[in-house]
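Here are my notes on the model you sent over, point by point. Have it open next to you while you read.

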Amino acid sequence: MSILLVTGGAGFIGSNFVRHVLESTDRSVIVLDKLTYAGDLGALDGLPSDRYEFVRGDIADAALVDGLADRLGADDAIVHFAAESHNDNSLADPAPFLETNVVGTYTLIEAARRRGLRFHHVSTDEVYGDLELDAPGRFTEATPYNPSSPYSSTKAASDLLVRAWVRSFGLRATISNCSNNYGPYQHVEKFIPRQITNLLRGDRPKVYGSGENVRDWIHTDDHSSAVLAILERGAIGETYLIGADGERSNREVVELLLTAFGRRPDEFDFVGERPGHDLRYAIDSTKLREELDWRPARVDFEKGLHATVEWYRAHETWWGPQKERTEAAYAKVGR
Ligand code: NAD
Ligand code: DAU
């Protein structure tokens with residue numbers, strides 16, 4: 001039985017991944033998480049204590065990371081989700097993005113390379129910049145890096161560090177770049193949970209700019225199965241794009257949500273524009289599908305969205321405490 005050291009395991013995607021691993025494999029998991037505003041132990045409630053351990057700490061703390069890495073062996077791995085993840089926050093204060101996304105990743109890959117540990121780096125499609133609405137192509141592993149925001153540029157920097165450590169030091173690493181995730185335990189600062197929780201509170205959804213921006217949605221369960229496939233079958237040094245062909249404009253998503261709540265599809269507000277707002281993301285995941293035989297399971301976006309609405313309806317005790325503070329921060333910038 002091998003061990004995964006999962007960084008950022010108390011966040012949205014990390015916590016869903018931890019549950020997926022514990023349910024679908026016999027591996028043990030150690031979660032390392034700083035519990036920033038985005039991390040919450042409630043997302044890890046009820047996990048089996050004989051296969052799961054939580055350590056609170058910073059991925060940029062080399063002594064702590066070294067101590068945990070010393071517990072891992074040749075069959076184990078570090079799976080690195082921890083990040084400052086929200087574009088709007090990176091526009092308000094980029095400093096923690098540099099520290100966690102760049103210095104934190106550097107600290108982890110140093111610990112991994114000194115011990116010859118397997119490392120998987122979780123990244124984003126935003127490193128490729130954006131596409132025109134009507135451009136024929138989608139992002140592939142060969143698309144040049146062209147990040148737009150403080151968030152995406154620090155993620156791009158972290159990817160490049162991992163690539164350099166593979167080439168210079170033989171780090172046994174893989175990288176994945178995934179599109180926009182949705183599902184349970186996503187922080188209410190993000191687009192879909194913000195609109196669902198607005199509607200649950202009787203407020204109107206808030207759409208940036210024209211609402212024509214397109215995101216390529218994937219259920220977080222499918223992101224988890226893809227990361228596991230890459231860990232188990234991926235080739236060292238390779239990058240894999242993860243996506244589920246889920247392109248929708250922001251306006252379309254809000255209209256679907258309004259309809260699900262029995263409201264008119266035009267009952268939303270246009271608010272201020274996000275500076276530097278990327279227009280469109282779209283993933284071509286052919287390499288992952290053909291080389292690793294991975295397929296997304298939750299391909300019905302409307303069904304997944306309805307299930308997510310029901311999850312937020314049933315879990316107000318989880319998201320409620322974050323809502324006021326999040327909306328107050330948005331109000332300050334007119335979004
Ligand atoms: P999130 O903000 O929900 O969670 C991040 C977690 O990392 C939190 O638990 C937080 O406490 C922890 N963390 C932050 N700084 C830390 C530090 N210095 N040390 C230890 N822990 C720290 O993020 P998410 O949306 O779950 O994203 C997880 C990863 O997936 C990120 O690397 C992100 O770039 C990537 N990603 C996200 C999406 C998406 O749609 N959300 C898509 C593709 C890739
Ligand atoms: O593509 C992957 C990325 O997806 C991840 O790397 C990021 O961690 C994740 O946050 C996400 O980035 P986005 O900026 O695309 O996600 P966000 O949920 O912030 O916004 C989605 C879209 O919705 C974007 O076009 C901005 C818009 N938006 C967002 C909010 C919060 C609105 O129109 N209204 C809103 O209230």
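1. I'd start with Phe 17. Keep in mind throughout that this is a predicted model. Leaving out residues up to four places away in sequence, Phe 17 touches Leu 4, Val 6, Val 79, Phe 81, Ser 224, Val 227, Leu 228 and Leu 231. Phe 17 is also one of the residues that touch the most other members of the largest nonpolar core, along with Leu 4, Val 18, Val 79, Ile 242 and Leu 288. That core has 31 residues in total.

2. Which elements feed that core with two or more residues each? They are strand 1, helix 1 (12-24), strand 2, strand 4 (77-80), helix 7 (220-233), strand 11 and helix 9 (286-292). Helix 7 gives the largest share, six residues. There is a second core too, separate from this one, with 22 residues, among them Ile 59, Ala 69, Leu 108 and Ile 109. As background, nonpolar side chains in soluble globular proteins tend to be buried together.

3. Now the sheet. Seven strands form an open sheet in the order 3-2-1-4-5-6-11, and the pairing is parallel. Strand 3 (52-56) and strand 11 (239-242) have a single partner strand each, so they stand at the edges with one side lacking a neighbour in the sheet. From one strand to the next, the twist averages 20 degrees.

4. Strand 2 (residues 28-33) deserves its own point. Five bridges join strand 2 to strand 3 in parallel, and Ile 30 has Glu 53 as its bridge partner in strand 3. Towards strand 1, the pairing is again parallel and over five bridges; here Ile 3 has Ser 28 of strand 2 as its bridge partner. Helix 2 (residues 62-69) packs on the sheet and touches strand 1 (3-7), strand 2 and strand 3. The direction of helix 2 makes about 180 degrees with that of strand 2.

5. Why is strand 2 described as largely enclosed by the rest of the structure? Because six of its six residues are buried. Both faces are covered: Ser 28, Ile 30 and Leu 32 are buried on one side, and Val 29, Val 31 and Asp 33 on the other.

6. On to ligand 1, which has 28 residues around it. Those that come nearest are Ile 13, Asp 33, Ser 85, Tyr 151 and Lys 155. Asp 33 is the residue we just met on one of the buried faces of strand 2. For polar contacts, a backbone N or O atom of Ile 59 lies 3.0 Å from a nitrogen atom of ligand 1, and a backbone N or O atom of Phe 81 is 2.9 Å from an oxygen atom of the ligand. Thr 100 uses its side chain instead: an N or O atom there is 2.9 Å from a nitrogen atom of ligand 1. Ile 59 also belongs to the second core, and Phe 81 is among the contacts of Phe 17.

7. Ligand 2 is surrounded by 25 residues, and the closest are Thr 124, Asp 125, Tyr 151, Arg 274 and His 277. Tyr 151 is also listed among the nearest residues to ligand 1. Two side chains put a polar atom by an oxygen atom of ligand 2: Asn 87 at 2.9 Å and Asn 180 at 2.7 Å. Lys 206 contributes a polar backbone atom, 2.8 Å from a nitrogen atom of ligand 2.

8. Arg 274 is worth a look for its surroundings. This residue is in the loop between strand 13 (269-271) and helix 9. Buried or exposed? Arg 274 counts as buried, at 13% relative accessibility. Setting aside neighbours within four places in sequence, Arg 274 is in contact with His 86, Asn 87, Asp 88, Leu 91, Tyr 208, Arg 215 and Arg 335.

9. Finally, two backbone spots to check. Leu 35 has a positive phi of about 55 degrees without being a glycine, and so does Asp 245. Leu 35 is in the loop between strand 2 and strand 3 and is buried, with a relative accessible area of 18%. Asp 245 is in the loop between strand 11 and strand 12 (247-249) and is partly exposed, at 46% relative accessible area.

Notes: Residues are numbered from 1 along each chain as its sequence is written. Chains are lettered from A and ligands numbered from 1 in the order in which they are written. This is a predicted model: local features need pLDDT of at least 70, side-chain atom pairs count only at pLDDT 80 or more; totals for chains, interfaces and linings use all residues. Side-chain values use heavy atoms; hydrogens and water are left out. Two strands pair if DSSP finds at least two bridges between them. Helices (H or I, at least four residues) and strands (E, at least two) are DSSP runs, numbered from the N terminus. Axes are lines fitted to C-alpha atoms, for helices over the stretch in contact, and angles run from 0 to 180 degrees between N-to-C directions. Contact means heavy atoms within 4.5 Å. A nonpolar core is a set of buried Ala, Val, Leu, Ile, Met, Phe, Trp, Tyr and Cys residues joined through side-chain atoms within 4.5 Å. Buried means under 20% relative accessible area, exposed over 50%, partly exposed in between (1.4 Å probe, protein chains only). A residue is near a molecule or strand if one of its heavy atoms lies within 4 Å of it. A polar contact is a pair of N or O atoms within 3.5 Å; within protein, one must be able to donate a hydrogen and the other to accept it, and residues adjacent in sequence count only if both atoms are side-chain atoms.
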